[in-house]
Amino acid sequence: MSALLHEEYPVESGDYDRAGEASADIKRKLKQLGVPAAVLRRVSVASYEVELNLVIHSDGGTLTLEVSPEAVRLISADRGPGIPDVELAMREGWSTANETARSLGFGAGMGLPNMKRNADDFDIVSAVGEGTTIRMGFRLS
Amino acid sequence: MDEKRRYHSVRLDKELCKGCTNCLMHCPTEAIRVRKGRAHILDERCIDCGECIRICDYHAKVAVTDTLAELKLFRYKIALPAPSLYGQFRGLADVGVVLAALKRLGFDDVFEVARGADVVARAIAEKLREPGLPRPLISSACPTVVRLIQVRFPDLIPNIVDIRQPMEVAADMARAEFCKAHDCRPEQVGVFFITPCPAKMTAITSPLGQKKSSVSSAISMMEVYGLLRPLISKIQQEEKLAGTSTSYGIGWAASSGETKSIFQENALCVDGIQNCIRVLEEIENNKLSDLTFFEGNACTGGCVGGPLTFENNYVAKNTIRKLVANAKEKNAQTPQQSVPASVLNKYDLRLDVPIEPNGAMKLDDDISIAMQKLKRMNEIIADLPGYDCGSCGSPTCRAFAEDIVLGYAKEMECIHKLKDKLKAMAEQMVELAQEKRE
């Protein structure tokens, strides 16, 4: 079924200044919708991780929020550079974060595993040179 | 929104309110609206932080507390001074002087809340050893922080430590010890908390996490301060009462005092409501899941910065620091050493009523309708100037859009929208006037 609420947030590469603003707005909207606390918590964690991934690792992209009475969906689609080995990237502790990101306390290699753990369904598609798309679903009923 | 009236200590004095936007802009839960030239507090959103009391130049925001006249209602009266009371008296070397002065106000006994804090400290330290706890565990001591979580961070409710506030534990201990010593019935004994903040008053009247508060009344520190000040210098050495808490219990008066008393290195202590909000956002994002404990105090400096205190909070914090050092010289015991394990079992320390999300930020109980309202809100926001000027009576353009969607405001209450409309109408009139007769 088509989402009733659809919001798009452009996220730029290396924009630490605004990092977290999209996920903060997502959180606020979900609270206004009265999404149950337990689901809210999982979406908060996943949306923050996925937004930070866009800032740290991607060449920029868009984070999309879709809400229907049945589910919350988060879609992160970037313009590259793409992940050469998705299986490796999904491992805990594996990170390609650069010095800037690490100096800010990121790059623990928990981003993708954390997203997967918090979402009810998780899907990642990536092609080097094209980009990465992550889709996450959170059931509401 | 919930129609049920909730009790709040923070109120508005309509006569004094000018209808300015100071409180409107400073409320951390957007619980104030100015309508018809007066501020209104939205009951379901107010967390009794007292920010509006601090900011109002006209003293139109007040905290309703009990008065010393309530003492008459009980056969026996016990004063329960919050440790922040000691911080009000600059140069104070020993808490015993304040305890003796309090007794002179007409109390039969004085019981330090710092002693309750010792018991709570030991209970929290033991709690933190339990496996599988959410990280970080959030202190339940500041009632404003607990209500803030209920209103703005409902998903963090499971992180709140399920142990009662020192004030409550102290009230039970005070009553039990007094009844035993004087052979009287608990209902004959009134327990009066000397409070630095309206939130504690609210916590007594409508408790969170427990059915009923053990405290009978809360008396504002400001009211007691004026009476105590002249007495303090008159207290003779022999009249002084002995302080019976550890130095750590006294330390709860200021931010990080709780953390020090539970000997938790891996903790974060945050004071000031906006700072607490920022950190709670990060806890929500799991950014601080490496922490064991979070101590949040809504007031700057901790309880010494409460809206009902008299002394500058930095000076008060300094006084507390010296009192803690003096007390430690006399008694170096930690709460863990000082509080016997038997006390932990003797008193009811656990919060046993679930703390529920408050739902005050919800647009509708039905998610489909809430979604329609949110969409409509976004359309309205896109059309508003984004000045966040407060002229409409809502704190921000976003809050105004929300009020429109909820039926509490009309679009033309935005003065800028109204101006645009008048301009367009004026232009139309000019056009009409200039039209020549064919």
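In this predicted model, the contact between the two chains draws on 19 residues from chain A and 19 residues from chain B. On the side of chain A that touches chain B, the elements that supply two or more residues are α1 (21-33) and α2 (37-57) of chain A. The residues on that side of chain A comprise eleven nonpolar, four polar and four charged ones. The points below take up the confidence of the prediction, then each chain, and finally some details of the backbone.

**Confidence of the prediction**

- For the model as a whole, the scores are an ipTM of 0.85 and a pTM of 0.91.
- Chain A has a mean pLDDT of 88, with 91% of its residues at 70 or more, while chain B averages a pLDDT of 93, with 98% of the residues scoring at least 70.
- Within chain A, the element with the lowest mean pLDDT is helix α4 (residues 99-103), at 71, and the element with the highest is β2(A), at 96.

**Chain A: overall form**

- Chain A contains five helices and five strands, and if one follows the chain from the N terminus, these elements come in the order β-α-α-β-β-α-α-α-β-β.
- A compact globule of 141 residues would be expected to have a radius of gyration near 14 Å, and chain A, which has 14 Å, agrees with that expectation.
- Taken along the principal axes, the box filled by the C-alpha atoms of chain A is roughly 40 × 30 × 25 Å.

**Chain A: the sheet and its helix**

- Five strands of chain A make up an open sheet, in which the order is β1-β2-β3-β5-β4 and the pairing is antiparallel.
- The edges of this sheet are held by β1 (5-11) and β4 (121-127) of chain A, and because each has a single partner strand, one side of each is left without a neighbour in the sheet.
- On average, and with direction ignored, neighbouring strands in this sheet are turned by 10 degrees against each other.
- The edge strand β4(A) is joined to strand β5 (residues 131-139) of chain A by seven bridges in the antiparallel sense, and within β5(A) the residue A:Thr133 stands opposite A:Val125.
- Helix α2(A), which is one of the elements named above for the contact with chain B, lies across β1, β2 (61-67), β3 (71-78) and β5 of chain A, and runs at about 5 degrees to β3(A).

**Chain B: domains**

- Chain B is divided into three parts, namely domain 1 (1-63), domain 2 (68-346) and domain 3 (363-438).
- Between the C-alpha centres of domain 1 and domain 2 of chain B there is a distance of 26 Å, and the contact between these two domains involves 16 residues of domain 1 and 19 residues of domain 2.
- On the side of domain 1 of chain B that touches domain 2, helix α2 (residues 51-55) of chain B gives the most, with three residues.
- That side of domain 1 of chain B is made up of seven nonpolar, four polar and five charged residues.

**Chain B: a parallel sheet**

- Four strands of chain B form an open sheet with parallel pairing, and their order is β6-β5-β8-β9.
- The strands at the edges are β6 (109-110) and β9 (217-220) of chain B, each of which pairs on one side only.
- Strand β5 (residues 76-81) of chain B runs parallel to β6(B) and is joined to that strand by two bridges, and B:Ile78 stands opposite B:Asp109 in β6(B).
- Helix α7 (residues 198-205) of chain B packs on this sheet, where the helix touches β8 (189-195) and β9 of chain B, and its direction makes about 150 degrees with that of β8(B).

**Details of the backbone**

- As a general background, most peptide bonds are trans, and most residues other than glycine have a negative phi.
- In chain A, the peptide bond that joins A:Gly80 and A:Pro81 is cis, with an omega of about 10 degrees, and A:Pro81 is found in the loop between β3 and α3 (86-89) of chain A.
- In chain B, the peptide bond from B:Arg135 to B:Pro136 is also cis, with omega near -15 degrees, and B:Pro136 lies in the loop between α4 (113-127) and β7 (137-138) of chain B.
- Although B:Ser256 is not a glycine, its phi is positive, at about 80 degrees, and this residue is placed in the loop between α9 (247-251) and α10 (257-262) of chain B.

Technical notes: Residues are numbered from 1 along each chain as its sequence is written. Chains are lettered from A and ligands numbered from 1 in the order in which they are written. This is a predicted model: local features need pLDDT of at least 70, side-chain atom pairs count only at pLDDT 80 or more; totals for chains, interfaces and linings use all residues. Two residues are in contact if their C-beta atoms, placed from the backbone, lie within 7 Å. Ala, Val, Leu, Ile, Met, Phe, Trp, Tyr, Cys and Pro count as nonpolar, Asp, Glu, Lys and Arg as charged, and the others, Gly among them, as polar. pLDDT is the predictor's confidence in each residue, from 0 to 100. Domain bounds come from an automatic or database domain assignment. Two strands pair if DSSP finds at least two bridges between them. Axes are lines fitted to C-alpha atoms, for helices over the stretch in contact, and angles run from 0 to 180 degrees between N-to-C directions. The radius of gyration is taken over C-alpha atoms; the globule rule is 2.2 Å times the number of residues to the power 0.38.
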